[in-house]
Every structure is written in C-alpha cells, then in structure tokens.
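Student: I should like to understand how the descriptive terms applied to a protein model are justified. May we go through them one at a time?

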Amino acid sequence: MNVKIHPSWEKELASEFDEPYFKELIHFVKDEYANHKCFPKGESIFAAFDYCPFEEVKVVIIGQDPYHGAGQANGLCFSVNDGIAIPSSLINIFKEIEKDVLIPYSSSGNLERWAKQGVLLLNATLTVRESEAGSHQNKGWEIFTDAVIQKVSNVKENVVFLLWGGFAKKKGAKIDSTKHLILATGHPSPLSANRGLWFGNKHFSQTNAFLISKGNKPIQW
C-alpha cells in the first residue's frame, strides 16, 4: 500500500510522522487494507494533500469520514469519483453554489477541480472500512488532521476555513481568527439543510470576496 504524501506537506508535517501514534496508525491502516475492503484506494488516502500542496492552500473544508460505499471515496471530503451518483450532501452544496455565485449545477461530484485551485478538502478520518461508517475513527487520524489544521493556521495567513456542522466547528476550534477568515454554518446534509441550517449561507461568494481582497485568485466553484 502506497502512503506517500506530497513533498510540501512531508516537509511541514515531518515531526508528526515521527510521533508514536502516527506509526501505530499506519500499522493499523495497513492491516485493515490487507484484511478488509477499505476506502479510498491506498494511493488516494492522501489525495487531499497531493492535489493541494501546502504553499497553495487558500481554503480549507473539513469533512468527517470518507464515503464507505463501493467506488465513492476518492480522498477528498464530500467528493466522489466520476460516474458515481452525487451524494445528498454534495447535491445541497451544488444547490447553494448555484444560488450564491450563479455557477450551474455540476454533473460531476468529483471535486478535484477545487483541490487543484487551492482548496484543501480534508476529512477528519482519512480511511474507512467498507459499509462501516466511522470504523477507522479514534485510531489516530483525528490527531493527525488536527495537526494539519493547526499547521495551516500557524504558518499561513488569509486562509478561508469553511466549518459546516457541529463536528467541523469543534475541529476548527483552534484556528487563529485574527489571521484567517472562519465561516461556520450547518451541515449540508438533508437533515440539517431541511431545518434551514444550510441554504443561504453564501459561503462561496464570501470566500471569493475575501480571497480577492487579499490579492488572491477566487475559486471557480
């Protein structure tokens, strides 16, 4: 199983890779992939980092678990592989984009196009066993992704953090709001969206307005 990560992140997170918890985590993940069907594919575990090098991060979106259905997860939060039915949460994300920035509803749920523009699509847990949601939680991934968020917050400036739902808000609690823009709202899942906690948040236009104000290119959502 290939668990290489983009060199820019390897440099920033070198000390984290030497921590005992991370070595135990990798041992656990390798064992899981050897004995069970797990997602995403091994080479895609660090896709969020590979598509979005550290120096290019402009926006961070925090998810929870990879999708646990066959062929769905591709290593980017909320994203699915081409040809896979678009999940309900992502449908609601696209609906909000359409209303907010007038970009037509996308026919593809693959968000690589965002990642390549500087959007770090970070799940809190980077792997999962097939059909077993949350099966790789509390094994060390959360410590690692906390360190990633902290590193971005500490080292970079003028990053937009999009925190959708209670889990993401807790995950982003230590972000330095004096250096970055933090936008928080409800989760895009139908349960939350249907209660009025998602639609109308205008996070996508707000993100681009902030990026432009800091001299950065806006995201083509």
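The dialogue below sets computed values against the cut-offs behind each term.

Student: What kind of model is this?

Tutor: It is a predicted model.

Student: Why is Phe54 called buried?

Tutor: The relative accessibility of Phe54 is 6%, and buried means under 20%. Phe54 therefore counts as buried. This residue lies in the loop between helix H4 (47-51) and strand S2 (59-63).

Student: Which residues are in contact with Phe54, leaving aside its neighbours within four places in sequence?

Tutor: With those neighbours left aside, the contacts of Phe54 are Ser8, Trp9, Glu12, Lys151, Val152, Val155 and Lys156. Contact here requires heavy atoms within 4.5 Å. As for His6, its C-alpha is 8.6 Å from that of Phe54, although 48 residues separate the two in sequence.

Student: Which members of the largest nonpolar core touch the most other members?

Tutor: That core has 66 residues, and those touching the most other members are Trp9, Phe49, Ile61, Trp114, Leu120 and Phe144. Helix H3 (residues 20-35) supplies the largest share of this core, seven residues. Phe49 is in contact with Trp9, Leu120 and Phe144, among others, when neighbours within four places in sequence are left aside. Its further contacts include Ile5, His6, Leu122, Leu126 and Val148.

Student: What makes helices H5 and H10 oblique to each other?

Tutor: Helix H5 (residues 88-101) and helix H10 (residues 203-213) pack at an angle of about 60°. Roughly parallel would require an angle under 35 degrees, and roughly perpendicular one of 65 to 115. The angle of about 60° fits neither range, and H5 and H10 are therefore oblique. Their axes are 8 Å apart.

Student: Which residues of H5 and H10 meet?

Tutor: On the H5 side they are Ile93, Glu96, Ile97, Asp100 and Val101, and on the H10 side His203, Phe204 and Ser205. The residues of this contact comprise four nonpolar, two polar and two charged.

Student: How do you know that the span of H5 is close to the expected one?

Tutor: H5 has 14 residues, and its first and last C-alpha atoms are 20 Å apart. The expected span is 1.5 Å times one less than the number of residues, and for H5 this gives 20 Å. The two values are therefore close.

Student: Which residues of H5 are buried, and what covers them?

Tutor: The buried residues in H5 are Ser89, Leu90, Asn92, Ile93, Phe94, Glu96, Ile97 and Asp100. Their cover includes helix H6 (112-115), S5, H9 and H10. After H5 comes Leu102, with a positive phi near 60°.

Student: How do you know that Ser189 is buried?

Tutor: Ser189 has a relative accessibility of 18%, and the limit for buried is under 20%. Ser189 therefore counts as buried. This serine lies in the loop between strand S6 (181-185) and helix H9 (190-193). Not counting residues up to four places away in sequence, Ser189 touches Ser89 and Asn92. The C-alpha atoms of Ser189 and Leu90 are separated by 8.0 Å, with their positions 99 residues apart along the chain.

Student: Is Thr207 buried or exposed, and what does it touch?

Tutor: Thr207, which lies in helix H10, is buried because its relative accessibility is 0%. Not counting residues up to four places away in sequence, Thr207 touches Val59, Val160, Leu162, Leu183 and Trp221.

Student: Why is Ser131 called exposed, and why is Asn158 called partly exposed?

Tutor: For Ser131 the relative accessibility is 56%, and exposed means over 50%. Ser131 therefore counts as exposed. For Asn158 the relative accessible area is 23%, between the limits of 20% and 50%, so Asn158 is partly exposed. Ser131 lies in the loop between strand S4 (128-129) and H7, and Asn158 in the loop between H7 and strand S5 (160-164).

Student: What is the phi of Ser131 and of Asn158?

Tutor: Neither is a glycine, yet phi is positive in Ser131, near 65°, and in Asn158, about 60°.

Student: Where is there a cis peptide bond?

Tutor: The cis bond joins Phe39 and Pro40, with omega about -5°. Pro40 lies in the loop between strand S1 (38-39) and H4.

Note on methods
Residues are numbered from 1 along each chain as its sequence is written. This is a predicted model: local features need pLDDT of at least 70, side-chain atom pairs count only at pLDDT 80 or more; totals for chains, interfaces and linings use all residues. Side-chain values use heavy atoms; hydrogens and water are left out. Helices (H or I, at least four residues) and strands (E, at least two) are DSSP runs, numbered from the N terminus. Buried means under 20% relative accessible area, exposed over 50%, partly exposed in between (1.4 Å probe, protein chains only). A nonpolar core is a set of buried Ala, Val, Leu, Ile, Met, Phe, Trp, Tyr and Cys residues joined through side-chain atoms within 4.5 Å. Axes are lines fitted to C-alpha atoms, for helices over the stretch in contact, and angles run from 0 to 180 degrees between N-to-C directions. Angles under 35 degrees count as roughly parallel, over 145 as roughly antiparallel, 65 to 115 as roughly perpendicular and the rest as oblique. Ala, Val, Leu, Ile, Met, Phe, Trp, Tyr, Cys and Pro count as nonpolar, Asp, Glu, Lys and Arg as charged, and the others, Gly among them, as polar.
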